[in-house]
Amino acid sequence: MTNTVLPHSLVALSIKQPWAELILLGRKTIEVRNWSTDFRGLLALHTGKKPAPEAMARFPDIDASYLGGFVGVAELVNVEVFTQVSWSRLRTSHLVPGPMPGEAFGWHFRNARRLTRSISASGSLGLFPVPAGIRQSMDIS
């Protein structure tokens with residue numbers, strides 16, 4: 001039984017591996033996107049069907065092999081526009097190497113929690129609604 005009460009309506013964000021796994025491990029607290037959102041609150045984390053190969057090679061110490069489904073939840077607490085200064089200052093939180101990729105937004109997560117079992121499902125671009133049947137079967141470890 002979960003001690004996290006999931007909202008009746010839950011939205012998700014699809015994130016490539018290994019980034020999703022790094023968020024769940026607490027090693028990455030900022031997800032880099034080229035778009036912003038006004039949404040704040042609990043988000044379901046979904047892994048894309050294709051990993052980010054260059055990032056997978058950078059983090060061989062973690063198991064980021066699960067693809068194509070829901071793996072956890074995290075609270076989205078802030079979204080900020082990166083500047084060159086904040087990009088460099090927050091590198092240990094977003095983990096992206098190299099220069100800032102044009103316009104970039106830092107999605108700040110906290111309190112990431114893994115599902116007891118991953119749930120295979122298709123994802124979508126942008127924020128997308130978690131189907132009610134899937135939401136009801138989510139159990140947070």
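Hi everyone, this is a short walk through one protein model, from its overall build down to a few single residues.

A word on the ground rules: this is a predicted model, where local features need pLDDT of at least 70, side-chain atom pairs count only at pLDDT 80 or more, and totals for chains, interfaces and linings use all residues. Residues are numbered from 1 along each chain as its sequence is written, and side-chain values use heavy atoms, with hydrogens and water left out.

Let's start with the whole thing. How many helices and strands does the protein have? There are 5 helices and 6 strands; these are DSSP runs, H or I of at least four residues for a helix and E of at least two for a strand, numbered from the N terminus. Reading from the N terminus, the order is β-α-β-β-α-β-α-α-β-β-α. The radius of gyration is 15 Å, close to the 14 Å that the globule rule gives for 141 residues, so the protein is as compact as a globular protein of that length. That radius is taken over C-alpha atoms, and the rule is 2.2 Å times the number of residues to the power 0.38. If you boxed up the C-alpha atoms along the principal axes, you would need roughly 45 × 35 × 25 Å.

Now, inside and outside. Buried residues make up 48% of the 141. Buried means under 20% relative accessible area, exposed means over 50%, and partly exposed is in between, with a 1.4 Å probe and protein chains only. Next, contacts, meaning heavy atoms within 4.5 Å. Among contacts between residues at least 6 apart in sequence, 82% join residues at least 24 apart.

On to the aromatic rings. The structure holds 4 aromatic pairs. Here rings of Phe, Tyr and Trp (its six-membered ring) pair if their centres lie within 6.5 Å; planes under 30 degrees apart are stacked, over 60 edge-to-face, and the rest tilted. One of the pairs is Trp35 with Trp107: their ring centres are 4.7 Å apart and their planes sit at 75°, so this pair is edge-to-face. Which parts does it tie together? Trp35 is in the loop between strand E2 (30–33) and strand E3 (41–47), while Trp107 is in strand E5 (residues 105–120), so the pair links parts that are 72 residues apart in sequence. The two partners have their own surroundings: Trp35 is partly exposed at 25% relative accessibility, whereas Trp107 is buried at 0%.

Another pair is Phe82 with Trp87. Their centres are 5.1 Å apart and the planes are at 80°, so this one is edge-to-face. Phe82 counts as buried at 5% relative accessibility, and Trp87 is buried at 1%.

Let's stop at some backbone oddities. Most residues other than glycine have a negative phi, and most peptide bonds are trans. With that in mind, look at Gln17 and Pro18: a cis peptide bond joins them, with omega about 10°. Pro18 sits in the loop between strand E1 (11–15) and helix H1 (19–24). Then there is Leu95, not a glycine, with a positive phi of about 65°. You'll find Leu95 in the loop between helix H4 (91–94) and E5, and it is buried at 15% relative accessible area. Asn111 is not a glycine either, and has a positive phi of about 55°. Asn111 is in strand E5 and is partly exposed at 42%.

Two residues with plenty of neighbours come next. Trp19 is in helix H1 and is buried, with a relative accessible area of 12%. Leaving aside neighbours within four places in sequence, its contacts include Ala52, Ala55, His94 and the Leu95 we just met. Trp19 and Met56 are 37 residues apart in sequence, yet their C-alpha atoms are 8.7 Å apart.

His108 is in strand E5 and is buried at 17%. Not counting residues up to four places away in sequence, His108 touches several residues, among them Thr29, Ile30, Leu76, Val77 and Leu90.

Last stop: is Pro60 buried or exposed? Pro60 is exposed, at 67% relative accessibility, in the loop between helix H2 (53–58) and strand E4 (69–81). From its C-alpha to that of Phe70, 10 residues along the chain, the separation is 22 Å.

Thanks for listening!
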